[in-house]
Protein chains: 2
Amino acid sequence: MPDGDIAEVGAVDDGAPVELFAALADDSRWQILVELSRSPASASALAGRLPITRQAIAKHLRVLTEAGLVDATKSGREVRYEPVGARLSQVARQLDAIARGWDRRLERIRALAEGGGDPS
Amino acid sequence: MPDGDIAEVGAVDDGAPVELFAALADDSRWQILVELSRSPASASALAGRLPITRQAIAKHLRVLTEAGLVDATKSGREVRYEPVGARLSQVARQLDAIARGWDRRLERIRALAEGGGDPS
DNA sequence: GCGGTGTGCAACTGTGGAGTTGCACATCTT
DNA sequence: AAGATGTGCAACTCCACAGTTGCACACCGC
């Protein structure tokens with residue numbers, strides 16, 4: 001079998017934004033994102049609508065900002081946060097690409113198993 | 001202002017599979033997924049290619065299975081795991097939908113701010 | 001200037017999860 | 001039947017992180 005078409009599959013691997021998934025793997029942060037999507041607000045304003053302290057919210061906002069999921073805008077003594085949809089769409093495209101890569105590989109392996117039976 | 005076009009925005013919120021993001025927020029689990037995309041294997045086989053113990057891998061595989069990201073197939077005394085691309089694509093679509101929802105809301109808010117200036 | 005409001009930083013506690021070791025059970029091989 | 005290989009369960013350690021309290025500093029209105 002030709003091995004020229006195998007060299008290109010190595011690029012599937014490292015596209016996993018683990019840090020961003022960690023940012024999304026928290027209920028409080030999703031609540032914050034939902035509130036911000038309703039209307040951009042400051043940390044103190046969010047503290048009035050969520051069952052946790054302002055400092056906890058501030059930490060979450062820091063995580064979300066570093067993940068690129070929210071955008072911080074300083075206005076006087078206030079810091080106004082708003083969600084960034086572009087980042088989420090970008091991750092969505094990456095995930096879909098990875099999923100397609102999986103399916104492609106599995107289909108090839110299945111084809112080899114049925115046809116030759118020697119995938120060494 | 002008419003409120004008929006506001007009633008439909010409430011559906012944006014609860015589409016956040018936090019449990020699934022938690023499953024994806026781990027380096028070891030991504031390594032496992034990458035190995036499985038190379039070729040489906042058992043927990044013991046994976047233990048030979050990854051720097052962690054078989055039991056740790058077994059735990060990760062349990063998490064991934066419950067998240068629907070891998071499929072387990074028992075064959076004799078072996079359990080063969082393979083990645084499920086469909087689940088990942090599904091999450092990708094959900095994320096994109098949420099992102100579009102954010103952008104839609106923000107644009108509406110900006111329009112209100114410029115035009116009327118009274119979003120009460 | 002002075003009080004009120006908003007933000008930031010620094011400990012501290014509690015808990016969940018990653019990884020380990022140890023052992024018991026099931027299955028394949030000879 | 002006996003050894004080897006694969007899996008599963010249970011307890012333990014360790015650490016990162018969510019959330020808290022407390023205090024110091026920056027900005028707005030009076």
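**Hairpin in chain A.** I began with strands E1(A) and E2(A), which form a hairpin. I counted 2 residues between them. A:Gly76 sits in the turn and has a positive phi of about 70°. I am working on a predicted model. Next I looked at the pairing. Strand E1 of chain A covers residues 70-75, and strand E2 of chain A covers residues 78-83. The two run antiparallel, joined by 6 bridges. I picked out one position: A:Lys74 stands opposite A:Val79 in E2(A).

**DNA strand D.** I then asked which residues come nearest to DNA strand D. They are A:Thr53, A:Gly76, A:Arg77, B:Ser42 and B:Ser44, out of 18 residues around the strand. A:Gly76 was already in my notes, as the turn residue with the positive phi. I looked up which elements supply at least two residues each to this surface. From chain A I noted helix H4 (54-66). From chain B I noted helix H3 (43-49), helix H4 (54-66) and strand E2 (78-83). By type, I found 5 nonpolar, 7 polar and 6 charged residues on the surface near DNA strand D.

**Contact between the chains.** How many residues does each chain put into the contact? I found 32 from chain B and 32 from chain A. On the side of chain B that touches chain A, four elements give two or more residues: helix H1 (18-24), helix H2 (27-38), E2 and helix H5 (85-114). H5(B) has the largest share of that side, with 16 residues. I sorted the residues of this side of chain B into 19 nonpolar, 5 polar and 8 charged.

**Symmetry.** I laid chain B on chain A and got an RMSD of 0.1 Å. The move is a turn of 180° with a shift of 0.0 Å along the axis. The two copies are therefore related as by a two-fold rotation axis. Both copies use the same surface, as 100% of the contact residues of chain B recur in chain A. Which residue of chain B comes closest to the rotation axis? I found B:Ala92, with its C-alpha at 2.0 Å.

**Nonpolar core.** Last, I turned to the largest nonpolar core, which holds 50 residues. A:Leu95 and B:Leu95 touch the most other members. I followed B:Leu95 further, leaving aside its neighbours within four places in sequence. B:Leu95 is in contact with A:Leu88, A:Val91 and A:Ala92.

Key: Residues numbered from 1 in each chain as written. Chains lettered and ligands numbered in written order. Predicted model: local features only at pLDDT ≥ 70, side-chain atom pairs only at ≥ 80, totals over all residues. Near = placed C-beta within 6 Å. Nonpolar A, V, L, I, M, F, W, Y, C, P; charged D, E, K, R; others polar. Contact = placed C-beta atoms within 7 Å. Core = buried A, V, L, I, M, F, W, Y, C linked by C-beta atoms within 7 Å. Buried ≥ 20, exposed ≤ 12 C-beta atoms within 10 Å, placed from the backbone. Least-squares fit on C-alpha atoms with pLDDT ≥ 70 in both. Pairing = 2+ DSSP bridges.
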